[in-house]
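User: I am new to this structure. Please take a close look at its main nonpolar core and what surrounds it.

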Amino acid sequence: LLQTFRDKGKKKGFTFNEKFLKEENVRVNIEVQNFIKNNGEAQKLINVLKENNITLKKQKEVLINSVSSEDKNKVNAIIQQIISQNTQHQTKIKVILEENYNNFISDIEDNGNLSPQERRISKNLHGATVKNFQDVMIQFQSLESELKSINENMIIRSAEIASGKKLTNEQKKEIIINPEMAQKMIQEKLSGQAHTKLQNAVRDLEERHAEIRKLEKSIMEVHKLIEELAGLVKLQGEMIDDICENIAVSKS
């Protein structure tokens, strides 16, 4: 495109420093190629996150139907592996998008070697990738919140079964926040009963609380990431939603 515009300029009588233009062409082409390559790498990682979200959704259903503490722990171990992989990919994607923004997008308006069309396409491609990433992270955060809620309900159900009484809303809230309260309630109910049963009940509550703490930490990290992404977008031209949709169609 650059060469086409310059050829047209020559026909209209414009003069160019050919040596300078050749050097600039090489530099700009490298910048554009790096931008496109990085953007492609980000898209690949985002697609992995999408697949992980699908797997998380399936594991959520498995967790709901799990009965024994052992089964719950197996499912939660798989969930934590997915969350750990997502965390690594999130960091990589953020670094790529920041690099593309700082090295190419932030000063793109001042780059006289790019046509207005090239500038607009570059900004929109970058913006679409950022939005795509945001959407996947919002879905991931929503799934984590659902998993957290499932573990909370398991704590309440275990406490009610072990204590033999229906808990009030205030007691439910307190038990979720304060694991010691649930343990105390179970110990009072099971006083004089089999010690193994008491240990199993307390251990199950401790495990569910541990999962909740992990999920809460991840949810906060994802929330912070989503907020930070807002600063990596410089939009103009076509609707970003349309571009995101086109990217999704081209990948399928």
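Analyst: Here is the core, after a short look at the whole chain.

This is a predicted model, in which local features need pLDDT of at least 70, side-chain atom pairs count only at pLDDT 80 or more, and totals for chains, interfaces and linings use all residues. Residues are numbered from 1 along each chain as its sequence is written, and side-chain values use heavy atoms, with hydrogens and water left out.

The chain has 8 helices and 0 strands. Helices (H or I, at least four residues) and strands (E, at least two) are DSSP runs, numbered from the N terminus. Of the 252 residues, 42% count as buried. Buried means under 20% relative accessible area, exposed over 50%, and partly exposed in between (1.4 Å probe, protein chains only). Among contacts with a separation of 6 or more, 77% join residues 24 or more positions apart. A contact means heavy atoms within 4.5 Å.

Now the core. A nonpolar core is a set of buried Ala, Val, Leu, Ile, Met, Phe, Trp, Tyr and Cys residues joined through side-chain atoms within 4.5 Å. The largest one holds 34 residues; Ile 93, Leu 97, Phe 133 and Met 137 touch the most other members. Two or more residues come from each of H2, H3 (69-105), H4 and H7 (195-229). H3 gives the largest share, 10 residues. Take Ile 93. Leaving out residues up to four places away in sequence, Ile 93 touches Ala 42, Leu 45, Ile 46, Leu 49 and Phe 133. Another core, of 8 residues, lies apart from the largest one; Ile 155, Ala 159, Ile 175 and Ile 212 are among its members.

A polar residue next. Asn 39 sits in helix H2 (residues 18-65). Asn 39 counts as buried because its relative accessible area is 4%. Beyond residues up to four places away in sequence, Asn 39 touches Asn 100, Leu 125, His 126 and Thr 129.

H4 covers residues 116-163. The expected span of a helix is 1.5 Å times one less than its number of residues. With 48 residues, H4 should therefore span 70 Å, and its end C-alpha atoms are indeed 70 Å apart. Just after H4, Gly 164 takes a positive phi of about 75 degrees.

Last, a loop. Ala 230 lies between H7 and helix H8 (240-251). Ala 230 counts as exposed because its relative accessible area is 52%. The C-alpha atoms of Ala 230 and Gln 134 are separated by 8.8 Å, though these residues are 96 apart along the chain.
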